[in-house]
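The following report is meant to be read beside the sequence and the coordinates. It goes through helix packing, buried cores, charged pairs and backbone geometry in turn.

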Amino acid sequence: LGCAMTDAEAADGVGAVAPGHFTDQRHQRIHAAIARVHARGDTVSLVTVSDEVQGVPTDYILALTDTIGENWTYYAQQVIADSKRRRGLLLLEGVENTLRDGQSRRNVDDVLAELVSGAVDISDDAPLAGGLLPEFGVVLHELATEFDRFESGGGDGVPTGIPVVDEVTQGAHPGDFVVIGSRPSMGKTALATGMALHMVQRAEARVLYFSLEMSRTALAMRIVSAASGVPMATMRTGLMTVGMRKRVHAAMTDLHESAGPLFICDDPSISLERLRTRVRAAVRRQGVSVVFVDYLQLLTVGAGADRPRHEQVSEISRTLKMLAREVDVPLFALSQLTRASDNRQPRLADLRESGSIEQDADVVLLLHREQDMIGMPSSEATLAVAKNRQGALSHSILSFDGSSVTFKQTERA
């Protein structure tokens with residue numbers, strides 16, 4: 001703070017630290033006063049700051065400038081480091097108290113997940129960057145680099161294997177939050193696993209699939225059925241022919257040797273906090289490049305579980321969106337639609353339990369299959385790209401093979 005009142009460069013870097021990094025309220029007020037003076041374009045000095053700040057004696061403000069050096073960045077780094085140390089101790093104390101509380105009903109895994117997540121949040125506290133934001137020219141230079149990479153065939157989109165989707169989105173991009181919505185039994189999981197399989201086999205992606213509704217063996221059977229063309233019903237009966245067994249074995253061998261691995265987490269009671277912790281760890285330690293969550297409404301929130309459901313779903317949606325940005329990988333979340341879409345083409349407003357899902361998503365895919373008199377879905381499906389933050393909208397007709405639970409695009413709608 002003393003440097004900022006005597007050095008123009010340090011004053012420019014006042015944003016490198018935040019009021020919350022200080023524990024002394026006097027320092028918080030002085031920092032806020034410096035920031036206001038600087039924001040107005042006035043010169044930051046002892047006089048202007050003393051006039052601006054309230055509740056702090058002038059003698060105290062003056063004393064801050066008595067013994068200062070020229071390296072203001074060092075002081076700022078120390079302030080941030082001390083803040084992280086205090087936050088870390090408070091986090092550990094809170095977790096210890098919860099774990100020692102024999103009356104606590106908190107799930108131990110959720111508490112430990114909060115510990116890991118909290119530690120990452122503290123560690124990732126805004127790094128010192130001189131407090132200066134990049135000029136637009138710097139951003140344009142970064143954009144030009146992106147153009148060069150695109151022209152050389154090095155785009156960062158991961159193809160989904162669904163032509164209508166890949167044509168308008170150029171694949172799933174790092175940080176994208178993609179929502180796949182449909183009514184139950186329309187084939188959300190089949191569509192998602194088909195995409196995941198394509199990404200693993202054709203795009204060399206490393207995919208993490210959270211299956212909250214199906215066990216990992218059941219999901220694996222779907223994937224093997226899709227890859228081999230052998231109906232799941234036949235696989236379950238154990239009455240496969242020699243030829244079918246060969247196809248299944250060949251498919252399993254091919255999947256095992258795929259360029260990119262597929263990780264499956266089938267914890268049906270996983271909380272939002274634990275999911276976030278697992279995704280962070282998988283991206284950092286195992287190089288995961290795409291994440292699927294099947295499905296969004298089955299996630300639970302640790303704290304505040306007594307809130308209205310629409311508030312919980314809004315928190316889940318927003319957290320998944322922020323998580324995709326944070327770890328910089330595309331995150332696909334499957335979502336239920338309301339009953340209103342049973343007998344018509346679904347709309348964005350049909351995303352169930354929260355309008356936040358529609359707002360948070362970068363891309364929304366809506367899957368629909370007409371039903372007959374007894375409620376059996378048709379083998380023909382419509383897939384609409386109903387929202388695309390970076391491009392056009394589109395839709396097409398897919399054919400559904402119920403025996404292998406797979407979709408194929410047949411034509412444009």
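Helix α5 (residues 72-100) and helix α6 (residues 108-123) have axes that come within 10 Å and cross at roughly 180°, where axes are lines fitted to C-alpha atoms, for helices over the stretch in contact, and angles run from 0 to 180 degrees between N-to-C directions. That makes α5 roughly antiparallel to α6, since angles under 35 degrees count as roughly parallel, over 145 as roughly antiparallel, 65 to 115 as roughly perpendicular and the rest as oblique. The helices (H or I, at least four residues) and strands (E, at least two) named here are DSSP runs, numbered from the N terminus. On the α5 side the contact (heavy atoms within 4.5 Å) includes Arg87, Leu91, Leu92 and Val95, which meet residues of α6 including Val111, Leu115 and Ile122. Sorted by class, the contact of α5 with α6 has 10 nonpolar, 4 polar and 4 charged residues; here Ala, Val, Leu, Ile, Met, Phe, Trp, Tyr, Cys and Pro count as nonpolar, Asp, Glu, Lys and Arg as charged, and the others, Gly among them, as polar.

The model is predicted, so local features need pLDDT of at least 70 and side-chain atom pairs count only at pLDDT 80 or more, whereas totals for chains, interfaces and linings use all residues. Residues are numbered from 1 along each chain as its sequence is written, and side-chain values use heavy atoms, with hydrogens and water left out.

A second helix pair is formed by α13 (residues 272-286) and α14 (residues 309-327), which pack at an angle of about 10° with their axes 11 Å apart. That makes α13 roughly parallel to α14. Residues of α13 in this contact include Leu272, Arg276, Val279 and Val283, and those of α14 include Glu315, Ile316, Leu320 and Leu323. By class, the contact of α13 with α14 has 8 nonpolar, 1 polar and 4 charged residues.

Turning to the interior, the largest nonpolar core has 38 residues, and those with the most contacts inside it are Leu191, Phe292, Phe332, Leu365 and Leu383. Helix α9 (residues 188-202) supplies the largest share of this core, 8 residues. Such a core is a set of buried Ala, Val, Leu, Ile, Met, Phe, Trp, Tyr and Cys residues joined through side-chain atoms within 4.5 Å, and buried means under 20% relative accessible area, exposed over 50%, partly exposed in between (1.4 Å probe, protein chains only). Once residues up to four places away in sequence are set aside, Phe292 touches a group that includes Ala192, Met195, Met199, Tyr209, Phe210 and Phe332. A second, separate core of 34 residues includes Ala282, Val291, Val301 and Ala333.

Charged side chains come next. A salt bridge is a side-chain nitrogen of Lys or Arg within 4 Å of a carboxyl oxygen of Asp or Glu, and by this rule the count comes to 10 salt bridges. Three of these pairs are set out below.

| Salt bridge | Distance, N to O |
|---|---|
| Asp24 and Arg26 | 2.8 Å |
| Arg36 and Glu52 | 2.7 Å |
| Glu273 and Arg276 | 2.9 Å |

The pair of Arg36 and Glu52 links distant parts of the chain, with Arg36 in helix α2 (residues 25-40) and Glu52 in helix α3 (residues 46-52), 16 residues apart. Arg36 is partly exposed at 37% relative accessibility, while Glu52, at 18%, counts as buried. Glu273 and Arg276, by contrast, are 3 residues apart in helix α13 and therefore separated by about one helical turn. Glu273 is partly exposed, with a relative accessible area of 21%, and Arg276 is buried at 18%. In the pair of Asp24 and Arg26, Asp24 is partly exposed at 23% relative accessibility, and Arg26 is partly exposed at 33%. Salt bridges also link Lys321, Asp362 and Arg389 in a network.

Which backbone features deserve a separate check? Most residues other than glycine have a negative phi, and most peptide bonds are trans. A cis peptide bond, with omega of about 5°, joins Asp294 and Tyr295, and Tyr295 lies in the loop between β4 (290-294) and α14. Glu204, although not a glycine, has a positive phi of about 55°; Glu204 sits in the loop between α9 and β2 (207-211) and counts as exposed at 57% relative accessibility. Asp328 likewise has a positive phi, near 60°, and is found in the loop between α14 and β5 (331-336), where Asp328 is partly exposed with a relative accessible area of 46%.
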